[in-house]
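Student: Please take me through one part of this model slowly, namely the salt bridges. After that, I would like to see how the rest of the chain fits around that topic.

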Amino acid sequence: MKIPGLGPRDTPAPDPDVEEVESQPVGVTQRARGSLRRHVPIPTAEDLRRRAALDAPTVRENLLPAVTGPQVADDALVLRVLDLALRIGEVQLATGAGAAAAHDTMLAIAGAYGLPTCDVDIAFSTITMCCHRGVEAGPVTTMRNVRYRTQDYTRLATVDALIKEIVDTDSPVSSSEALTRLSTAVAANHPYPRWVAGLSRSFFASAVAVLIGGGLGVAVAAFVLTGIVWGLARWLGRHGVPMFFQQVLGGVLVTTSALGLASSGLLLDSPSLVVATGLIVLLSGLSLVGLVQDAITGFPLTAAGRAVEVVLASAGLLVGVVVSIKVLGQIGGAAVFSLAQDLPELTPQADVRSLIAAAAAGVLFALSAYAPLLSLPVAGLSGAVAWALYAYAFGTVGLGQVVASAAAAGALGLIAMLMPARANMPPLVLVIAGITPLLPGLLLYTGFSQLATVGESSNAQLSNGSLATGAVTILLALTVSLGIAAGVSFGEQIGWPVSRIWRRPLTPTVRRQRPRIF
């Protein structure tokens with residue numbers, strides 16, 4: 001007991017009972033928890049932010065200034081890289097390249113600029129790209145629509161050279177410079193005047209006419225009609241007329257002109273050769289190769305969209321040709337149906353005349369598609385080689401039209417994948433120029449004419465014109481076209497790993513990043 005006034009306060013003596021309770025040992029769980037707190041400290045909020053930054057992808061020095069340690073890219077820098085990748089993919093898809101090539105190219109460009117964690121989704125005319133930035137910042141997603149289709153292979157070659165400067169080097173060009181160069185390439189005028197492309201397309205039709213067995217009259221008629229159809233298609237396109245109606249009018253113009261010239265006696269050869277040449281020219285702008293590549297490489301939506309384009313374009317030709325034969329048959333009688341059924345036998349030959357025509361067709365088609373001047377001789381060589389292989393497989397080996405054309409296209413695809421490593425040009429230029437003369441224009445017209453003469457049995461020559469026969473013939477022509485595209489894709493699959501060996505020595509990282517440019 002403390003009494004006031006009797007000296008300083010002393011600490012009261014502890015209660016023995018209380019001290020005994022407090023000195024009891026703690027449990028094992030509490031001891032372990034205390035030991036963990038002492039040896040493994042709980043991370044603070046700053047520590048968590050620092051660890052998240054370490055896990056996030058970084059960007060290269062040409063995007064961000066030099067800093068100590070990794071840094072998360074902000075929205076503006078990420079959007080710049082994504083916009084560059086999207087625009088390059090748009091150019092590739094617009095010129096007929098496969099979705100797999102555009103997909104690989106976009107991912108490689110993003111990885112070259114320090115954004116490896118990106119996703120790309122291509123659905124026909126829509127491209128979506130997303131960049132993931134870990135837990136420190138939210139993802140950035142952007143989208144672009146492919147609103148045009150073009151055959152400007154000079155633009156494709158320029159963009160391909162830009163891709164190589166970004167992907168095939170350890171120090172790519174800055175994103176700002178790449179965007180400027182890409183915008184300049186897209187906005188640039190065609191390397192040749194339009195009248196040069198138009199004349200080249202007309203001369204291409206004349207070369208194809210000679211290649212399938214036509215004479216001088218067929219070549220001249222094909223030249224004139226192709227020029228008219230090309231000008232009409234350009235005028236209709238500027239006025240927003242859909243592709244289907246453009247194909248219908250083209251089929252009507254070619255068929256009525258050919259049958260009219262034959263009926264008047266001005267055309268001594270079969271009018272079917274003129275119509276077949278026109279069909280080949282009208283089909284040459286379709287992306288058959290890209291369709292098959294997308295279906296094989298796992299892009300079914302894009303393949304389905306391109307298939308709809310091809311089917312509608314072919315249906316437009318079917319309507320134009322069949323309606324023209326029906327109408328002219330009602331006016332001119334059985335003589336017109338007889339001329340429409342005048343179908344010569346086409347046996348491809350590898351003689352000098354055919355090889356020159358095939359080489360000319362390759363050069364002229366590449367010129368009409370605004371290909372670089374340096375690629376024109378190679379395009380002519382690819383046309384001659386493709387026709388020689390097709391003629392040998394069809395005539396000498398006896399493989400049939402489907403297998404022979406597919407084999408020739410496969411060899412051409414393999415060669416095209418190997419040549420750009422030395423010629424420095426996109427393989428698509430060489431492939432399209434080589435396989436275009438192999439398109440089954442005469443076989444397609446045979447099916448159309450058989451459908452048009454259904455029920456017209458007054459002439460003995462029309463006995464084989466039936467709905468079933470025409471449908472089978474058109475299906476066979478479609479099989480030949482798909483076989484050509486599949487052969488090209490097969491050659492690409494073989495040539496891609498081989499071309500990696502042929503390329504100049506690159507570092508392993510860059511070698512893995514390089515995309516397929518086919």
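Tutor: A salt bridge here means that a side-chain nitrogen of Lys or Arg lies within 4 Å of a carboxyl oxygen of Asp or Glu. Please keep in mind throughout that this is a predicted model. With that definition, a search of the whole structure finds six salt bridges, and three of them can be followed in detail.

Let us start with the pair formed by Glu90 and Arg144, whose side chains meet with a nitrogen-to-oxygen distance of 2.5 Å. Glu90 belongs to helix α4, which covers residues 75-94, while Arg144 belongs to strand β3, residues 140-145, so this pair ties together parts of the chain that are 54 residues apart in sequence. The two partners also differ in how far they are covered: Glu90 is buried, because its relative accessible area is 9% and the cut-off for buried is under 20%. Arg144, with a relative accessible area of 24%, is partly exposed.

The second pair joins Arg155 to Asp152, and here the closest N and O atoms are 3.9 Å apart. Both partners fall under the cut-off for burial, since Arg155 has a relative accessibility of 11% and Asp152 has one of 2%.

The third pair brings together the side chains of Arg181 and Glu165, with 2.7 Å from N to O. Arg181 sits in helix α7, residues 175-187, and Glu165 sits in helix α6, residues 153-167, so that the bridge links distant parts of the chain, 16 residues apart. Neither partner counts as buried, for Arg181 is partly exposed at a relative accessible area of 30%, and Glu165 is partly exposed at 33%.

To place these pairs in the whole, it helps to step back to the chain that carries them. Its secondary structure comes to 22 helices and three strands, and of its 518 residues, 48% count as buried. Among contacts between residues at least 6 apart in sequence, 71% join residues at least 24 apart. The chain exposes about 24,300 Å², and carbon and sulfur atoms supply 64% of that area.

One part of that surface makes a useful contrast with the charged pairs. Leu216, Val220, Val224 and Ile228 make a nonpolar surface patch of about 380 Å². Leu216 lies in helix α9, residues 216-238, and it counts as exposed because its relative accessible area is 70%, where exposed means over 50%. The unreviewed UniProt entry lists several stretches as "transmembrane region", among them residues 203-232 and 352-371. In the model, the end C-alpha atoms of residues 203-232 lie 17 Å apart, and the span is 87% helix and 0% strand. For residues 352-371, the end C-alpha atoms lie 26 Å apart, and the span is 85% helix and 0% strand.

A covered residue can be examined in the same way. Ser200 is placed in helix α8, residues 194-211, and with a relative accessible area of 4% it is buried. Leaving aside residues up to four places away in sequence, Ser200 touches Leu364, Leu367 and Ser368.

Two loop residues deserve a glance for their backbone. Most residues other than glycine have a negative phi. Phe124, in the loop between β1 (118-123) and β2 (126-131), has a phi near 60 degrees, which is a positive value, and this residue is partly exposed at 23% relative accessible area. Tyr370 likewise has a positive phi near 60 degrees; it is found in the loop between α15 (352-368) and α16 (376-396), and at 6% relative accessible area Tyr370 is buried.

Finally, some caution about confidence is needed. The chain averages a pLDDT of 79, and 79% of its residues score at least 70. The pLDDT stays under 50 over residues 1-7, for which the model has four contacts beyond four places in sequence. Over residues 56-70 the pLDDT is also below 50, and there the model shows 38 contacts beyond near neighbours in sequence.

Notes. Residues numbered from 1 in each chain as written. Predicted model: local features only at pLDDT ≥ 70, side-chain atom pairs only at ≥ 80, totals over all residues. Heavy atoms only, no water. Helix = DSSP H or I, 4+ residues; strand = E, 2+ residues; numbered from the N terminus. Buried < 20%, exposed > 50% of the residue type's maximum accessible area, 1.4 Å probe, protein only. pLDDT = per-residue confidence, 0-100. Contact = heavy atoms within 4.5 Å. Patch = residues over 30% accessible without salt bridge, like charges linked within 9 Å, V, L, I, M, F, W, Y side chains within 5 Å. Areas by Shrake-Rupley, 256 points an atom, 1.4 Å probe, with all protein chains shown as cover. UniProt positions renumbered as here; feature names shortened; annotations may be inferred.
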